[in-house]
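I am opening a fresh notebook page for a structure I have not looked at before. Come along as I look up a few strands and a ligand.

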Amino acid sequence: MVGSSADTICAIASAPGSAGRGVLRLSGAAAGEIGSRCLPWKPTGGRVAIEARFDGQGLNLPAFVLWMPGPRSFTREDVLELHLPGNAYLMQRALAIVLQAGARLAGAGEFTRRAFLNGRLDLTRAEGILALVQAQSRQERKAATALLFGGLQERLSSLRSRVDGLRALCEASLDFDEADTGHVPGAELLERLQQIETLLAEALAWEIRRDAPRSEPLVVLAGAPNAGKSTLFNALTQTEVPALVENEAGSTRDTLHGLWNVQGRYVRLADTAGVQETVASDLESQVQNLAAAERDRADCMLCVVNANEPIWPDPGSDEHRVLVWSQIDSPGVNPEPPLDRRADFSAGWVACSAIMGTGLPAILLAVHAVLGGDAWSAHAARGLSERHLQALRSAQESLDCVRRGFEQQAPLDLIAEDLRGATDALDGIAGRTTAEDLLSKIFGQFCIGK
Ligand SMILES: Nc1nc2c(ncn2[C@@H]2O[C@H](COP(=O)(O)OP(=O)(O)O)[C@@H](O)[C@H]2O)c(=O)[nH]1
Ligand SMILES: [Mg+2]
């Protein structure tokens with residue numbers, strides 16, 4: 001990390017290249033004053049959004065000015081955002097002018113780091129931002145969002161206050177003899193420990209589920225019964241054990257998985273049971289739940305619709321849905337899906353016949369594009385979760401010591417010490433006790449301007 005946290009920092013916060021708008025962001029005590037040197041504007045005590053002209057060194061640009069005085073800003077410092085025409089050359093010139101007016105160029109992730117240091121975000125949320133910026137697949141985006149919206153942090157806060165409560169009880173009990181009224185019975189201590197252990201196990205399970213290691217992205221074939229999903233599955237995966245194909249609804253029950261080579265890399269293709277509006281038995285309802293869970297996990301969904309008798313899925317704006325217009329070899333069918341339905345599938349449409357083998361390369365290209373095209377990388381954001389899991393396991397080890405201590409009637413001050421170990425491990429996740437070099441490693445992965 002370069003420079004001091006007393007500096008006012010500045011960076012281009014929008015993506016490189018041309019766009020309608022480019023954003024120049026300043027944060028720090030002098031943000032208002034520096035802004036007033038470049039604009040006909042004076043900082044105020046409250047939030048302001050105005051139009052003004054950015055003016056300096058011959059550069060005169062229309063600017064939309066967003067003034068967010070601290071602490072009601074992302075960094076909790078005074079923040080000024082200048083929205084300028086999104087042209088790379090103009091943005092660089094404007095940045096140079098603002099730097100000359102007294103700002104320092106921000107380091108990688110320095111805005112988010114300041115938000116963290118000023119208590120605006122805990123470390124897990126900051127990591128959520130990082131993971132979201134780096135996410136390359138739908139699953140990685142979902143994992144990042146869960147972190148960003150505090151899923152882990154909420155669990156940790158509740159855990160921590162319970163561990164603190166138990167430790168306070170242990171420490172208080174030190175001062176009392178058994179006969180005194182202030183003594184806390186062992187059964188109550190054990191019950192509280194049990195609750196903490198359960199919550200910790202839940203937090204661990206949640207974190208493992210959130211970012212479950214998975215080697216291949218998941219592509220799910222979904223659609224009504226008889227759409228042609230299983231036939232397509234067999235044509236694409238060419239597995240030794242093909243899926244059952246039957247001109248009768250309900251032939252696919254369990255989800256089948258097969259590996260499918262997409263442009264040199266493997267994805268896991270899943271064949272699911274056809275979507276049915278009504279279920280007649282408990283088994284059918286379980287089959288439907290299984291298929292729905294698989295669709296929910298999908299990085300890319302191939303929505304198969306039979307051109308002979310189209311049954312349409314509920315509209316959705318997810319960017320990972322491809323319409324597969326199937327069985328186009330059948331006589332008399334429309335070789336292309338109706339125009340008015342296409343917009344429901346943001347990732348486009350493909351027409352195919354699994355039996356004739358037509359349209360299969362186009363499906364492959366569509367899936368490849370959804371997965372991120374050439375930049376498709378299976379695991380960009382891995383590594384954050386490992387830090388959390390290690391700390392949660394370390395907290396679990398401390399709690400195991402606490403339990404043994406209770407069972408062996410160890411002195412309560414020793415037990416309190418183990419509880420402190422659990423608290424320390426939990427605090428490390430939130431960043432309260434995180435070493436400087438680890439913080440630098442985490443924030444160093446951000447881009448400049450974030
Ligand atoms: N003509 C033709 N029939 C197909 C094609 N794909 C599937 N079918 C037939 O449609 C019926 C249902 O196929 P299936 O793959 O089991 O559909 P699923 O229920 O969606 O898995 C079967 O009789 C298949 O032979 C295709 O591309 N062309
Ligand atoms: Mg089937």
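Below are my entries on strands, a ligand and a sheet.

**Ground rules.** I am working with a predicted model, where local features need pLDDT of at least 70 and side-chain atom pairs count only at pLDDT 80 or more, while totals for chains, interfaces and linings use all residues. I count residues from 1 along each chain as its sequence is written, letter chains from A and number ligands from 1 in the order in which they are written, and use heavy atoms for side-chain values, leaving out hydrogens and water.

**Entry 1: strand E1.** I began with E1, residues 9–12; strands here are DSSP runs of E of at least two residues, numbered from the N terminus. Ile9 and Ala11 on one side are buried, and so are Cys10 and Ile12 on the other. Buried means under 20% relative accessible area (1.4 Å probe, protein chains only).

Next I looked up the partners of E1; two strands pair if DSSP finds at least two bridges between them. E1 pairs with E2 (residues 19–27) in the antiparallel sense over 4 bridges, and I found Ile12 bridged to Leu24 in E2. Their hairpin has 6 residues between the strands, and there Gly17 takes a positive phi near 100 degrees. E1 also runs parallel to E6 (residues 104–105), joined by 2 bridges, with Cys10 opposite Leu105.

**Entry 2: ligand 1.** Which residues are closest to ligand 1? I noted Asn226, Lys229, Ser230, Thr231 and Asp329, out of 17 that surround the ligand, each having a heavy atom within 4 Å. By class, this shell has 6 nonpolar, 8 polar and 3 charged residues. Among the nonpolar types are Ala, Val, Leu, Ile, Met, Phe, Trp, Tyr, Cys and Pro; Asp, Glu, Lys and Arg count as charged, and the others, Gly among them, as polar.

I then checked distances from oxygen atoms of ligand 1 to N or O atoms. The side chain of Lys229 comes to 2.7 Å, that of Ser230 to 2.9 Å, and the backbone of Ile355 to 3.3 Å. Taken alone, ligand 1 exposes 570 Å², of which the protein buries 85% (Shrake-Rupley areas, 1.4 Å probe).

**Entry 3: an open sheet.** I traced 6 strands in the order E8-E9-E7-E10-E11-E12, with mixed pairing. Why is one side of E8 (256–262) and of E12 (349–351) left without a neighbour in the sheet? Both stand at the edges, each with a single partner strand, so that side stays free of a neighbour. Within the sheet, E10 (residues 300–306) and E11 (residues 321–326) pair in the parallel sense over 6 bridges, and Val305 stands opposite Trp325.

Methods. Buried < 20%, exposed > 50% of the residue type's maximum accessible area, 1.4 Å probe, protein only. Polar contact = N/O pair within 3.5 Å; in protein donor to acceptor, adjacent residues only side chain to side chain.
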